[in-house]
Amino acid sequence: MKRLLDLLLALVATLLLIVPVVVVAIMVKLTSAGPALYWSDRVGRHNKIFKMPKFRSMQIGTPAVATHLLKDPNGYLTPVGSFLRKSSLDELPQFWNVLRGEMSVVGPRPEELWMVDRYDEATRARLRIKPGITGYQQIRCRGTEDMSVRLNHDLYYIDHQSLFFDLYIILQTLWVVITGKGRI
């Protein structure tokens, strides 16, 4: 049922968002050098590595550390990067991963390889299910970098997942994005 819901939501989102996706791609291309999409290796269910696209919000040549370790990466953002992150429009290309079966609409955040390499046994539990475009931790602790808080919310989701919980998270995600509280 979850896969069917993922496919349905991804297809509907792709059809409804085709115009905004094209507009965002044009905005990125017109305001900065380089491609509109940034492809990143991520770790999915059972340690499977996949390529995840996002609209590029950082300048070309930005050190990887700027996106994760600097408290204020704003100096590295493209002219539309801050808007893309705040509105979560940079995440729209991930519906491609949902259609391919690499991600779900709802699940733990797909992490980068360097972060998964630092996981302890408890944190590896996040890899039992498919990562999601949105998830319980994204609506509960939007914008926090505290890994223990994020992990607790992911583990709560994994232990309590259901279609109703997914629908609740999707509705909360829409609310969080519309109101612009923090960032996903």
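**Exercise 1. The second largest pocket**

How many of the residues lining the second largest pocket are nonpolar, how many polar and how many charged? Work it out on this predicted model, then say where the lining comes from.

*Solution.*
- Start with the space itself: the second largest pocket has a volume of about 540 Å³.
- Next, look at who sits around the middle. The lining has 22 residues, and those closest to the pocket centre are Leu17, Leu92, Phe95, Thr173 and Leu174.
- Now trace the lining back to its elements. Helix H1 (2–16), strand S5 (132–134) and helix H9 (163–179) each give two or more residues to this pocket. H9 supplies the largest share, with six residues.
- Finally, sort by class: 17 lining residues are nonpolar, four are polar and one is charged.

**Exercise 2. The cavity**

Find the cavity of 30 Å³ or more and describe its lining.

*Solution.*
- Count first: one cavity reaches 30 Å³ or more.
- Its volume is about 40 Å³.
- Then list the walls. Val43, Gly44, Pro108, Arg109, Pro110, Glu111, Arg126, Leu127, Ile129 and Pro131 line this cavity.
- Sorted by class, that gives six nonpolar residues, one polar and three charged.

**Exercise 3. The three-stranded sheet**

Work out the strand order of the open sheet, and explain why S2 and S4 count as edge strands.

*Solution.*
- Read off the order: the three strands run S2-S1-S4, and the pairing is antiparallel.
- Strands S2 (49–55) and S4 (111–112) each have a single partner strand, so each has one side without a neighbour in the sheet.
- Zoom in on one pairing. Strand S1 (residues 37–43) is joined to S2 by seven bridges, antiparallel.
- To pick out one of those contacts, go to Tyr38, whose bridge partner in S2 is Lys54.

**Exercise 4. Two loop residues with positive phi**

His46 has a positive phi, and so does Ser88. Place each one in its loop, then decide: buried or exposed?

*Solution.*
- A bit of background: most residues other than glycine have a negative phi.
- Take His46, with phi near 55°. His46 lies in the loop between S1 and S2. Its relative accessibility is 59%, which is over the 50% cut-off, so His46 is exposed.
- Now Ser88, with phi near 65°. This serine sits in the loop linking helix H4 (81–87) and helix H5 (95–100). A relative accessible area of 10% falls under the 20% cut-off, so Ser88 is buried.

**Exercise 5. Aromatic rings**

Classify the ring pair Tyr156 and Phe165, and find the cluster these rings belong to.

*Solution.*
- The model holds five aromatic pairs.
- For Tyr156 and Phe165, the ring centres are 6.1 Å apart and the planes stand at 85°; that angle is over 60 degrees, so the pair is edge-to-face.
- Check the surroundings of each ring. Tyr156 is partly exposed, at 39% relative accessible area, whereas Phe165 is buried, at 13%.
- Widen the view: ring pairs link Tyr136, Tyr156, Tyr157, Phe165 and Tyr168 into a cluster.

**Exercise 6. How far to trust it**

Which element has the lowest confidence, and which the highest?

*Solution.*
- Begin with the whole chain: mean pLDDT is 89, and 89% of the residues reach 70 or more.
- Then go element by element. Helix H3 (residues 64–68) is lowest, at a mean of 57, and strand S3 (residues 104–106) is highest, at 98.
- The practical upshot: where pLDDT is low, the predicted coordinates should not be read in detail.

Definitions and conventions:
Residues are numbered from 1 along each chain as its sequence is written. This is a predicted model: local features need pLDDT of at least 70, side-chain atom pairs count only at pLDDT 80 or more; totals for chains, interfaces and linings use all residues. Side-chain values use heavy atoms; hydrogens and water are left out. Two strands pair if DSSP finds at least two bridges between them. Helices (H or I, at least four residues) and strands (E, at least two) are DSSP runs, numbered from the N terminus. pLDDT is the predictor's confidence in each residue, from 0 to 100. On a 1 Å grid over the protein atoms alone, a cavity is a set of points where a 1.4 Å probe fits but cannot get out, and a pocket is an open set with protein on both sides within 12 Å along at least five of seven lines; lining residues have an atom within 4 Å of a point. Grid points are joined across faces, edges and corners, and a volume is the space filled by probe spheres set on the points. Ala, Val, Leu, Ile, Met, Phe, Trp, Tyr, Cys and Pro count as nonpolar, Asp, Glu, Lys and Arg as charged, and the others, Gly among them, as polar. Buried means under 20% relative accessible area, exposed over 50%, partly exposed in between (1.4 Å probe, protein chains only). Rings of Phe, Tyr and Trp (its six-membered ring) pair if their centres lie within 6.5 Å; planes under 30 degrees apart count as stacked, over 60 as edge-to-face and the rest as tilted.
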